[in-house]
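This briefing covers charged side chains: how they pair, and where like charges gather on the surface.

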Amino acid sequence: MAFHNSWKREIIDTIKECLRNKFSNYNLKGTQKPFHFRLLGKDRMELFSFIHSLNTTFGTSIFEPVATKIAKNKFAQVESQYKVGNEISNEAQNEIQKIINSLSLGNDVNKIEEIEIIRKVANRGKINKISTINADIFLKDNSNNVYLFDMKTAKPNKSNFKDFKRTLLEWTAITLLKEPNTKIHTLLAIPYNPYEPYPYEFWTIKGMIDLDEEIMIAENFWNFLGGANTYENLLDCFQTAGNEMRKEIDNYFSKFK
């Protein structure tokens with residue numbers, strides 16, 4: 001399903017609402033940097049602090065609601081902040097640890113094989129309770145494929161990828177314990193490529209994450225959610241929202257002068 005003009009307006013309004021919420025909820029408390037203020041100017045540093053705060057919350061405050069809005073036009077079921085569950089078999093935990101250890105030693109990553117390894121033991125042994133994060137985006141299509149996305153910043157910390165991998169594998173095991181025949185896909189989503197026009201620097205994640213089965217970046221992610229050309233149309237929506245809010249944005253930023 002292509003990105004339709006009929007719901008383009010909804011996406012633009014969603015972006016505007018998200019930005020207005022950020023304007024109304026942002027608090028300058030805790031942004032005092034006396035050395036920076038004296039060196040660079042208080043107005044520049046406070047504006048920098050706001051933009052940094054906006055960047056760190058872009059995922060939950062803007063990308064996530066926009067993603068769910070887009071996906072509802074293509075998928076049978078869409079949820080944000082989906083509670084995956086907290087029960088996992090100890091045999092699945094053991095296999096997950098074996099997978100992590102193997103990848104840490106430099107062995108090849110293959111998510112399809114990993115899923116089938118976990119599927120075989122998903123309901124074997126003692127059932128333990130664990131704590132795991134919510135999936136940022138849950139999707140289910142008409143062919144009963146289930147997709148759980150963990151949305152990340154454009155440049156995730158390389159040292160965290162072992163934890164990201166464990167989360168994806170635990171989501172797989174938790175889901176297969178409840179529904180053993182589920183066509184499960186657990187993935188990382190990175191909303192844009194900071195290296196454009198050059199390819200994303202996969203060296204940061206290669207070895208722990210299956211680049212074909214476990215991650216979607218920029219247009220691959222957005223086009224998957226909404227169909228062909230969604231990414232380019234979404235960029236247009238952001239530009240339109242910015243143009244329509246230009247006076248509001250300028251007025252808000254004027255207080256930093």
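The points below go through the salt bridges and then a surface patch.

The model is predicted. The count of salt bridges comes to 13. Three of the pairs that link distant parts of the chain are described here, among them E244 with R9, E87 with K129 and E114 with K165.

**Helix α8 and helix α1**

- A salt bridge joins E244 to R9, with the closest N and O atoms 2.7 Å apart.
- This pair links distant parts of the chain, since E244 lies in helix α8 and R9 in helix α1 (residues 8-25), 235 residues apart.
- E244 counts as partly exposed because its relative accessibility is 37%, which falls between the limits of 20% for buried and 50% for exposed.
- R9 counts as partly exposed as well, because its relative accessibility is 35%.
- R9, D13, K16 and E244 form one network, joined by salt bridges that share partners.

**Strand β2 and strand β3**

- The side chains of E87 and K129 form a salt bridge at 2.9 Å, N to O.
- E87 sits in strand β2 (residues 87-89) and K129 in strand β3 (residues 127-129), so that the pair links parts of the chain 42 residues apart.
- E87 has a relative accessible area of 36% and is therefore partly exposed.
- K129 is exposed, because its relative accessible area is 60% and the limit for exposed is over 50%.

**Helix α5 and helix α6**

- E114 pairs with K165 in a salt bridge, the closest N and O atoms being 2.8 Å apart.
- E114 belongs to helix α5 (residues 111-121) and K165 to helix α6 (residues 161-178), and 51 residues separate these distant parts of the chain.
- Both E114 and K165 are buried, that is, under 20% relative accessible area.

**Negative surface patch**

- E196, E219, E232 and D236 form a negative surface patch.
- D236 is located in helix α8 (residues 230-244), the helix that also holds E244 of the salt bridge to R9.
- D236 has a relative accessible area of 38% and so is partly exposed.
- Patch members need over 30% relative accessible area and no salt bridge, and D236 meets the area limit because its value is 38%.

Methods:
Residues are numbered from 1 along each chain as its sequence is written. This is a predicted model: local features need pLDDT of at least 70, side-chain atom pairs count only at pLDDT 80 or more; totals for chains, interfaces and linings use all residues. Side-chain values use heavy atoms; hydrogens and water are left out. Patches are made of residues with over 30% relative accessible area and no salt bridge: like charges are joined within 9 Å, nonpolar side chains (Val, Leu, Ile, Met, Phe, Trp, Tyr) within 5 Å. Accessible areas come from the Shrake-Rupley method with a 1.4 Å probe; for residues, only the protein chains shown count as cover. A salt bridge is a side-chain nitrogen of Lys or Arg within 4 Å of a carboxyl oxygen of Asp or Glu. Lys and Arg count as positive and Asp and Glu as negative; His and the chain ends are not counted. The place of a charge is taken as NZ of Lys, CZ of Arg, CG of Asp or CD of Glu. Helices (H or I, at least four residues) and strands (E, at least two) are DSSP runs, numbered from the N terminus. Buried means under 20% relative accessible area, exposed over 50%, partly exposed in between (1.4 Å probe, protein chains only).
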